[in-house]
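Thanks for passing this one along. Here are my notes, set out as numbered points so that you can follow them with the model open beside you.

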There are 2 protein chains.
Amino acid sequence: MAEQEEKFTSLESLGEFGLIDHLTQNFPLRNASSIKGIGDDCAVIENLSGQTVISTDALVEGVHFDLTYVPPRHLGYKAVIVNLSDVYAMNAMPKQILVTMAVSNRFGVEFLNELYEGMRLACEEHEVDLIGGDTTSSYSGLMLSLTVIGEAEEADITYRSGAKKNDLIVVSGDLGAAYLGLQLLEREKAVFKEDPNMQPQLKGYEYLLQRQLRPEARRDIPEILKGLDVKPTSMIDISDGLSSEILHLCKHSKVGAKLFEDKIPIDPKVYEVCEEFNLTTTTVALNGGEDYELLFTIDLSDHDKIKANPNLTVIGHISDESDGAQLVTRDGQFMPLTAQGWNAMTED
Amino acid sequence: MAEQEEKFTSLESLGEFGLIDHLTQNFPLRNASSIKGIGDDCAVIENLSGQTVISTDALVEGVHFDLTYVPPRHLGYKAVIVNLSDVYAMNAMPKQILVTMAVSNRFGVEFLNELYEGMRLACEEHEVDLIGGDTTSSYSGLMLSLTVIGEAEEADITYRSGAKKNDLIVVSGDLGAAYLGLQLLEREKAVFKEDPNMQPQLKGYEYLLQRQLRPEARRDIPEILKGLDVKPTSMIDISDGLSSEILHLCKHSKVGAKLFEDKIPIDPKVYEVCEEFNLTTTTVALNGGEDYELLFTIDLSDHDKIKANPNLTVIGHISDESDGAQLVTRDGQFMPLTAQGWNAMTED
């Protein structure tokens, strides 16, 4: 976290169009549907599939990220990932993004180079084309607003609203690690503020930090499900926390849910660090957020197809709407699920 | 400009999802292609046309607008309009928008109601559906980032790159008024700062103020051109100023241009107020920006079709690339056109 003396090239020295040319020069168009990228009044997309899915997510300095400990390359990567995650959650494939950036003169070209390098890496991994955006100055800090466009056939698109009674609730990966990664970074930031000579104690926490700083979007899950011939009945990505997302599925599908505490997939490191922070593992897994795993429901008859897959865990089932959404604890108690997840409007 | 005591409902009192529900309740989906609007991980669009055009434009408080004199309803209207203008500039029709907003707790629900009412009006007039977005807090001020999606057949889409030698350069409407509107508002703001009891002197300037505060996007022009059976060879909208946009067309089409000073359409009020401000009318028309008129080129053989239309003015013609882009002054001098227009990265 120590500040180093680094080269600083002001954004003004390039001008708006020069800056855009510079930052986007390493973004080739890969997809057949990307007809026209940056450089006209609009980008143009050829409609190869039946439907287009589109989503937008903003990241605001001080609200969504803290540049004290988030390297710009990771920020760029994450900004793309959180948007792609929404497309995978529709059971669709992302193809294009637009990047809007408001940036103050506190930032130099070198910082933006790193930011865009992170975006480039995410685009490359997910075969997504940068086709447009807007670059403007801001009076305070950095704001990124990305829009992602994806393709899918109508029959494949999975909404939040299709879950039905007796469907199984399935989640990819494991939960809670990203939240603990953030707690670790905040702890080290506080230590550093007290004593700038202290070195951050982050060794051994790599998995948690990676889940926070460099999350992945589950491109593999729609592909796996297609390979297994499973069409989820509903799907959502886990950005605000498992609890909040299950409530979304219940609300949109007009159903209830039973979630089993002992089934929630949790990494051993999460147990360990929860103890260190005196946190309850289940609470962290339910409300932590930023896992960017996929939560979906499948018809009971599809259980055999997915049960051997190590990426997927059945954590509960759908019940009647009148039951509400409940957690069945290890000792058999029923607790109503509540959305205590991170809320961009009311909390940090 | 006097501050009134007004009702203030904090954004926190509604919460993020409550706020979004509240603000978007009066936005019905009108278009057959709008399959799914707000409420899932992505919006879903049915691909009815051959191609999709997409563009994004951000408006940052203090950079693009000043809430001292911009009413929130006008701001919302303008935020939509500047995005739609990019779609019309592709000779396409806008169908959907996504609205991302970062907003500090300085703003109340009443302010946002007005902002969204302005957006709703623009959506209604242009038959555009609000299908998504993101709402987040910010630590300072207001930022809007809109994405607009439009439809067109491949054969209709008009790029910046199709202008060819001897094509006529045509512009819609008249130029320079929006810039003068801004000068008037800035002047009155300065007067008000000196003496808060002074009443703003804005009577008689309605046209200029309207052009600045409530610009229109030229939906009619693609329709008129279609009706006249004219396909422009290139097109761009005038956001940064005529001069800058002609240079864009020349660069992308690899041509030069001759623009005739005495042909530039200018409203009588612009002449009058230029004198008042001791400004050169041509400079204002060339570099003022924010007119949101359409600039396009047509084949010489299409001249007869458009010449009687009062919305359209032929202001010059395309020449060899080696000629560069030139202004032919009233007294027959040749002056190179330069892009002195508003630059979001270097000027306010």
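**Notes on the two-chain model**

1. Let me begin inside one chain. Taken over C-alpha atoms, the centres of domain 1 of chain A and domain 2 of chain A are 26 Å apart. Where the two meet, domain 1 of chain A contributes 15 residues and domain 2 of chain A contributes 18 residues. The side of domain 1 of chain A that touches domain 2 of chain A is made up of 8 nonpolar, 5 polar and 2 charged residues. As for the bounds, the domain assignment of chain A places domain 1 at 13–156 and domain 2 at 168–336. Please keep in mind throughout that this is a predicted model.

2. Next, have a look at strand β7 (residues 168–172) of chain A. Is this strand enclosed or open? 5 of its 5 residues are buried, so β7(A) is largely enclosed by the rest of the structure. The covering applies to both faces: Leu168(A), Val170(A) and Ser172(A) are buried on one side, and Ile169(A) and Val171(A) are buried on the other.

3. The pairing of β7(A) is worth tracing too. It runs antiparallel to strand β10 (residues 294–298) of chain A, with 4 bridges joining them; here Val170(A) has Phe296(A) as its bridge partner. β7(A) is also joined by 5 bridges to strand β11 (residues 312–319) of chain A, again in an antiparallel arrangement. In that pair, Ser172(A) stands opposite Leu312(A).

4. Now to the contact between the chains. Chain A supplies 59 residues and chain B supplies 59 residues. On the chain A side, strand β3 (residues 51–60) gives the most, with 9 residues. By class, the side of chain A that touches chain B holds 25 nonpolar, 23 polar and 11 charged residues.

5. Strand pairing also crosses from one chain to the other. β3(A) and strand β2 (residues 43–46) of chain B run antiparallel and are joined by 4 bridges. One position to click on is Thr52(A), which stands opposite Ile45(B) in β2(B).

6. Finally, how are the two copies related? Chain A superposes on chain B (RMSD 0.0 Å) after a rotation of 180 degrees with 0.0 Å of shift along the axis. The copies are therefore related as by a two-fold rotation axis. Within chain A, the C-alpha nearest this axis belongs to Asn47(A), at 3.2 Å from it. Both copies use the same surface, as 100% of the contact residues of chain A recur in chain B.

Notes. Residues are numbered from 1 along each chain as its sequence is written. Chains are lettered from A and ligands numbered from 1 in the order in which they are written. This is a predicted model: local features need pLDDT of at least 70, side-chain atom pairs count only at pLDDT 80 or more; totals for chains, interfaces and linings use all residues. Two residues are in contact if their C-beta atoms, placed from the backbone, lie within 7 Å. Helices (H or I, at least four residues) and strands (E, at least two) are DSSP runs, numbered from the N terminus. Ala, Val, Leu, Ile, Met, Phe, Trp, Tyr, Cys and Pro count as nonpolar, Asp, Glu, Lys and Arg as charged, and the others, Gly among them, as polar. Two strands pair if DSSP finds at least two bridges between them. Domain bounds come from an automatic or database domain assignment. Copies are superposed by least squares on the C-alpha atoms of residues with pLDDT of at least 70 in both. A residue is buried if 20 or more other C-beta atoms lie within 10 Å of its own, exposed if 12 or fewer, and partly exposed in between; C-beta atoms are placed from the backbone.
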